[in-house]
Amino acid sequence: PLLASAHQSSCIRLWSIQGNLMKELLPFSEHPSGPLTALCTDIFTKILLTGSKKGHIICWNIASFLEDSQNKKNEIKEELCWRAHATKVVDLFIEEEKNVVVTASIDGSVRLWHAMSGYYFGYFGQARKFELSDTSRLILPSDVNNFPAIIKAESKHLEKKKVKYPLTLDRVK
């Protein structure tokens, strides 16, 4: 068993059932996601999804980490990030059978997305039927203008280096 918590600082913390901190995650994508407002996993706990105050959805692969959390090689990888709404995401869930993510926002919209690619299928209340088998058409909602970003780099954040010595003026040079 594992507990996950989402925080104002965009940080996700994974806890053991005994209350020990196992891992801290920060988004790696180039667009800052802002404070996290929603969190869910798939039924097999292989994928962790987060929603943010700025309308972003971030998909993390946590399967290898959960198999053996003591092994340092089994890292959690951020795989996908996309802008789902122009405003705060208040809820989301993944439906494994159809491979879709459903997101809800304070703007009153509920939208469907392809879980592995972030492609937009549509919104609840639209006139046309959802076409869940076609992920080749790149469409976006009217209030979002960024396509999903597949994260290929390792999600390692650069740490700020501490300066041991202040800069000094060298008059000879």
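This passage describes two antiparallel sheets, and the loops and turns beside them, in a predicted model.

The N-terminal part of the description concerns strands E1, E2 and E3. These three strands form an open sheet, in the order E1-E2-E3. Their pairing is antiparallel. Strand E1 covers residues 2-6, and strand E3 covers residues 21-25. Both are edge strands, and each pairs on one side only. Neighbouring strands of this sheet are turned by 20 degrees against each other on average, with direction ignored.

The pairing of E1 with E2 can be followed residue by residue. Strand E2 comprises residues 12-16. E1 and E2 are joined in the antiparallel sense over five bridges. Ser5 stands opposite Arg13 in E2.

A loop lies between E1 and E2, and Ser10 is found in it. Is Ser10 buried or exposed? Its relative accessibility is 11%. Buried means under 20% relative accessible area, so Ser10 counts as buried. The chain also brings a distant residue into the picture. Ser10 and Lys53 are 43 residues apart along the chain. Their C-alpha atoms are separated by 9.6 Å.

The second sheet is also open, and it has four strands. Their order is E8-E9-E10-E11, again with antiparallel pairing. Which strands stand at the edges? They are E8, residues 89-95, and E11. Each has a single partner strand, so one side of each is left without a neighbour in the sheet. On average, neighbouring strands here are turned by 20 degrees against each other, direction ignored.

Inside this sheet, strand E9 spans residues 100-105. E9 pairs with E10 in the antiparallel sense over five bridges. Val102 has Leu112 in E10 as its bridge partner. E10 itself runs over residues 110-114, and strand E11 over residues 120-123. These two strands pair over three bridges, in the antiparallel sense. Here Arg111 has Tyr123 in E11 as its bridge partner. In a regular strand, side chains alternate between the two faces of the sheet.

E10 and E11 form a hairpin, with five residues between them. Gly118 sits in the turn. Its phi is positive, at about 75 degrees.

A database record adds an annotation for this part of the chain. UniProt, in an unreviewed entry, places the feature "repeat: WD" at residues 82-113. The span is 59% strand and 0% helix. How far apart are the end C-alpha atoms of residues 82-113? They lie 10 Å apart.

Methods:
Residues numbered from 1 in each chain as written. Predicted model: local features only at pLDDT ≥ 70, side-chain atom pairs only at ≥ 80, totals over all residues. Heavy atoms only, no water. Pairing = 2+ DSSP bridges. Axes fitted to C-alpha atoms, helices over the stretch in contact; angles between N-to-C directions. UniProt positions renumbered as here; feature names shortened; annotations may be inferred. Buried < 20%, exposed > 50% of the residue type's maximum accessible area, 1.4 Å probe, protein only.
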